[in-house]
Amino acid sequence: MIDLRFSESELEARREHIVEFVRDTAADAGTEQAVLGLSGGIDSTLTAHLAVEALGEENLHGLVMPGAVSDEENMSDAEWVAQELGIPYDVFEINPIVDVFLDTYPEAEGDQLAVGNARARTRAVLNYLVANHEDALVLGTGNRSEALVGYFTKYGDGAVDCHPIGNLYKQQVRQLAAHVGVPDELVEKPPTAELWADQTDEEEMGIDYDSLDAVLALHIDGPLSVTATAREVEELTEEAVRRVREMYERSQHKRRVPPSPEPLE
């Protein structure tokens, strides 16, 4: 696979850049406070570490929001991260809220995607409820790999004020997380959005993150064609490269402001 890891000096520069970004974004919004959803995964854990460095542990409010399908170990990891960083946090069960939605619209019961996205959007509503009350920013946990293929819920985990690690491929997220002291067991834990039972990111996308990063770096962000990308990375087929290209193109709407008609002249 393509090695996208940074050198030690580059790693430290990225860390400082992201910390400064969080600090400046908060200052521009006239606040020193931020709210962050904690899942126990590597993305939210790395974001939490960098946000504490930027704002101080007393100014980061963690929200642990387990749902019906949330893995108990992940929720324990989320609380452990909050406790290790010394940040205030709350645990909000989202299942009763989602149940109200399904009671209101029972036709969606059993629709895995619709209900999974409702869970993500419920978490977004709670993030902003707390953030508005505390005059705080909502920090996102999205990375570049997931953003480029649309692997996030529109107005769910994509509904935030900023994405501090949004310019990092997943491979680089793992590297920076290890650099700032995130334990190996969290760095290497299989990523999951926990939108439904036994869901994993790589299984849902149909490609592992290292392969995804390679296609994105060489073909989507880079200049190589489908054929050249598959030739450059022996483990990849042209079909896999085209599938990533299709995910990128079909998810364009998630990365744009909702369109309006052009003004009439």
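Q: Let's start with a word I keep meeting. What does "buried" mean, in terms of relative accessible area?

A: A residue is buried if its relative accessible area is under 20%, exposed if that area is over 50%, and partly exposed in between. Please keep in mind that the structure above is a predicted model.

Q: Let's try that on a strand. How many of the 5 residues of E1 are buried?

A: In strand E1, 4 of the 5 residues are buried, so the rest of the structure largely encloses this strand. You can find E1 at residues 34-38.

Q: And for single residues? Is Val233 buried or exposed?

A: Compare its value with the cut-off. Val233 has a relative accessible area of 2%, and under 20% means buried, so Val233 is buried. This residue sits in the loop between helix H11 (226-232) and helix H12 (238-250).

Q: How do I categorise Val91 by its relative accessibility?

A: The value for Val91 is 38%, so this residue counts as partly exposed. Val91 belongs to strand E3. Its contacts, apart from neighbours within four places in sequence, are Val64, Pro66 and Glu79.

Q: Now the strands together. In what order do the 4 strands of the open sheet stand?

A: To read a sheet, walk across it from one strand to the next. Here the order is E3-E2-E1-E4, and the pairing is parallel. Strand E3 (89-91) and strand E4 (137-139) are the edge strands, since each of them pairs on one side only. On average, neighbouring strands of this sheet are turned by 25° against each other, with direction ignored.

Q: Which way do side chains point in a regular strand?

A: In a regular strand, side chains alternate between the two faces of the sheet. Try following that along a strand in the picture above.

Q: How many bridges join E1 to strand E2?

A: Look for bridges between the two strands, then pick out a pair of partners. E1 and strand E2 (residues 60-64) run parallel and are joined by 5 bridges. One pair to look for is Val35 with His61, its bridge partner in E2. For E1 and E4, which also run parallel, there are 3 bridges. On that side, Ala34 stands opposite Leu137 in E4.

Q: Let's move to helices. At what angle do the axes of helix H2 and helix H7 cross?

A: Imagine a line through each helix and ask how the two lines pass. The axes of helix H2 (residues 42-55) and helix H7 (residues 170-179) cross at roughly 50° and come within 10 Å. That angle makes H2 oblique to H7. The crossing of H2 past H7 is left-handed. From H2, the contact uses Ile42, Asp43, Leu46 and Leu50, and from H7 it uses Lys170, Val173, Arg174, Leu176 and Ala177. Sorted by class, this contact has 6 nonpolar, no polar and 3 charged residues.

Q: Is Asp43 buried or exposed?

A: Asp43, in helix H2, has a relative accessible area of 10%, so it is buried. Leaving aside neighbours within four places in sequence, Asp43 is in contact with Thr141, Asn143, Glu146, Ile165, Lys170 and Val173.

Q: What about another pair: at what angle do the axes of helix H4 and H5 cross?

A: Follow the same steps. The axes of helix H4 (residues 95-104) and H5 come within 10 Å, and they cross at roughly 125°. The two helices, H4 and H5, are therefore oblique to each other. H4 passes H5 in a right-handed crossing. Ile97, Val98, Phe101 and Leu102 of H4 meet Val115, Ala118, Arg119, Thr122 and Leu126 of H5. By class, this contact has 7 nonpolar, 1 polar and 1 charged residues.

Q: Sequence and space can tell separate stories. How far apart are Val233 and Ile2 in sequence and in space?

A: Check the two separations in turn. Val233 and Ile2 are 231 residues apart in sequence, and their C-alpha atoms are 7.2 Å apart in space. With neighbours within four places set aside, Val233 is in contact with Met1, Ile2, Ala214 and Leu218. For Val91 and Glu32, the values are 59 residues in sequence and 22 Å from C-alpha to C-alpha.

Q: One last feature, the backbone angle phi. What is the phi of Asp135?

A: Look at the sign and at the residue type. Phi of Asp135 is near 55°, a positive value in a residue other than glycine. Asp135 is in the loop between helix H5 (112-134) and E4. Tyr155 also has a positive phi, near 60°, and is likewise a residue other than glycine. You will find Tyr155 in the loop between helix H6 (144-148) and H7.

Conventions:
Residues numbered from 1 in each chain as written. Predicted model: local features only at pLDDT ≥ 70, side-chain atom pairs only at ≥ 80, totals over all residues. Heavy atoms only, no water. Pairing = 2+ DSSP bridges. Axes fitted to C-alpha atoms, helices over the stretch in contact; angles between N-to-C directions. Parallel < 35°, antiparallel > 145°, perpendicular 65-115°, else oblique. Left-handed = near helix turned anticlockwise from the far one by under 90°. Contact = heavy atoms within 4.5 Å. Nonpolar A, V, L, I, M, F, W, Y, C, P; charged D, E, K, R; others polar. Buried < 20%, exposed > 50% of the residue type's maximum accessible area, 1.4 Å probe, protein only.
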